[in-house]
Amino acid sequence: MMYDHDGKPVRTGRAAVNGTSLHYRTAGSGPAVVLLHGVPKTSYHWRHIVPKLTRHYTVVAPDLRGLGDSARPADGYDCATMSDDIAELMARLGHETYAVIGEDWGAVIGYQLAARHRDHVRALVFAEALFPGFGFEDHTALTPENVSSGMHLWHLGFYFQPDVPEMLIAGHERELITYMIKFERSHPDSATPDAIEEYVRCYSMPGGIRAMLAIYRAMLRDAELNRQAAEKKLDIPVLALGGSAFIGDRNESQMRIMAQDVTGHVFDAGHDLAEEVPEEMAEVLLPFLAGHL
């Protein structure tokens, strides 16, 4: 379960949007903030952050297309289509304007949401992500620099190959997800048993791994979409957040290519800030949101 600041369970629902169906969690009142998780996670990733926000904001935490308890359609896993899912969901829920907080793939989708729906997104938080088309692909290379820095993203090439990953991962979803979640963190104990159980449950469901792999397999298309969107810089405020042991200040340097008004902060953490350092993350998020919502 996830709870708001008063300890009340968040509300859940499903919405038919953009040719698919999204499961979402929502709580709180006030200006809207949408939280977009990455891979291999679900909206449960935000369980520590939600009660930090709900006293002041209406929070919407969807499971992205194909992930969590959302539907798993055959296609539509590029970052633009997935951002359109969120825009339609927020409109369906009655939120005309909102801030976006995204992490990992959710941050890339959040950027596309801001780029494609400029009249609706008031501010963007971009946490721990690399942009396809702007250097993400470089980290797939087997080089001494990538290996020594912990940024050899070997799994991208593996996931991109059709059929073989499905064959090898089937029956080993728990081992893969546990390894990926813990390896990318400075604080592996923050990957608590309840979170791992939830992620394994969702990715072990029919189509769960297929949908996850489809997101990676859309990367070349995503690179084209990001390069096109970057031709016009975002004019909204952007907060770029990183973990010192993973992407770090590269979050900020990337966003300066994509947006005009960027501030950055790096935490003593790895890749999963909302689970590793939720208190510290909230201390940075709240002043930023208060200044722009």
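## A tour of helices and cavities

Start by selecting H3 and H10: H3 passes H10 in a left-handed crossing. What you have open is a predicted model, so keep that in mind as you go.

**Stop 1: the H3 and H10 pair.** Keep helix H3, residues 105–116, and helix H10, residues 219–229, on screen. Their axes lie 11 Å apart, and the two helices pack at an angle of about 40 degrees. H3 and H10 are therefore oblique to each other.

**Stop 2: the largest cavity.** Now turn to the empty space inside. How many cavities of 30 Å³ or more does the structure hold? There are two of them. The largest cavity contains about 220 Å³ of space. To centre your view on it, select Asp-104, Phe-136, His-155, Tyr-216 and His-271, which lie nearest the centre among the 23 lining residues.

Next, colour the helices around this cavity. Which helices each supply at least two residues of its lining? They are H3, which you have already met, along with H5 (154–160), H7 (173–183) and H9 (208–217). If you colour the lining by class, you will find 18 nonpolar residues, two polar ones and three charged ones.

**Stop 3: helix H9.** Stay with one of those helices and select H9. Is H9 largely enclosed or largely open? Eight of its ten residues are buried, so H9 is largely enclosed by the rest of the structure. Click through the buried ones in order: Gly-208, Ile-209, Ala-211, Met-212, Leu-213, Ala-214, Ile-215 and Tyr-216. Tyr-216 should be familiar, as it is also one of the residues nearest the centre of the largest cavity.

**Stop 4: H7 against H8.** Another helix from the lining of the largest cavity is H7. Add helix H8, residues 193–204, to the selection. The axes of H7 and H8 are 9 Å apart, and the helices pack at an angle of about 130 degrees. That makes H7 oblique to H8. Looking along the pair, you can follow H7 as it passes H8 in a right-handed crossing.

**Stop 5: the second largest cavity.** For the last stop, select Ala-114, Arg-118, Val-121, Leu-234, Asp-235 and Ile-236, which line the second largest cavity. About 40 Å³ of space lies in there. Which element gives the largest share of this lining? Show strand E7, residues 234–243: it contributes three residues. By class, the lining has four nonpolar and two charged residues, with no polar ones.

Key. Residues are numbered from 1 along each chain as its sequence is written. This is a predicted model: local features need pLDDT of at least 70, side-chain atom pairs count only at pLDDT 80 or more; totals for chains, interfaces and linings use all residues. Side-chain values use heavy atoms; hydrogens and water are left out. On a 1 Å grid over the protein atoms alone, a cavity is a set of points where a 1.4 Å probe fits but cannot get out, and a pocket is an open set with protein on both sides within 12 Å along at least five of seven lines; lining residues have an atom within 4 Å of a point. Grid points are joined across faces, edges and corners, and a volume is the space filled by probe spheres set on the points. Helices (H or I, at least four residues) and strands (E, at least two) are DSSP runs, numbered from the N terminus. Ala, Val, Leu, Ile, Met, Phe, Trp, Tyr, Cys and Pro count as nonpolar, Asp, Glu, Lys and Arg as charged, and the others, Gly among them, as polar. Buried means under 20% relative accessible area, exposed over 50%, partly exposed in between (1.4 Å probe, protein chains only). Axes are lines fitted to C-alpha atoms, for helices over the stretch in contact, and angles run from 0 to 180 degrees between N-to-C directions. Angles under 35 degrees count as roughly parallel, over 145 as roughly antiparallel, 65 to 115 as roughly perpendicular and the rest as oblique. A crossing is left-handed if the near helix is turned anticlockwise from the far one by less than a right angle, and right-handed if clockwise.
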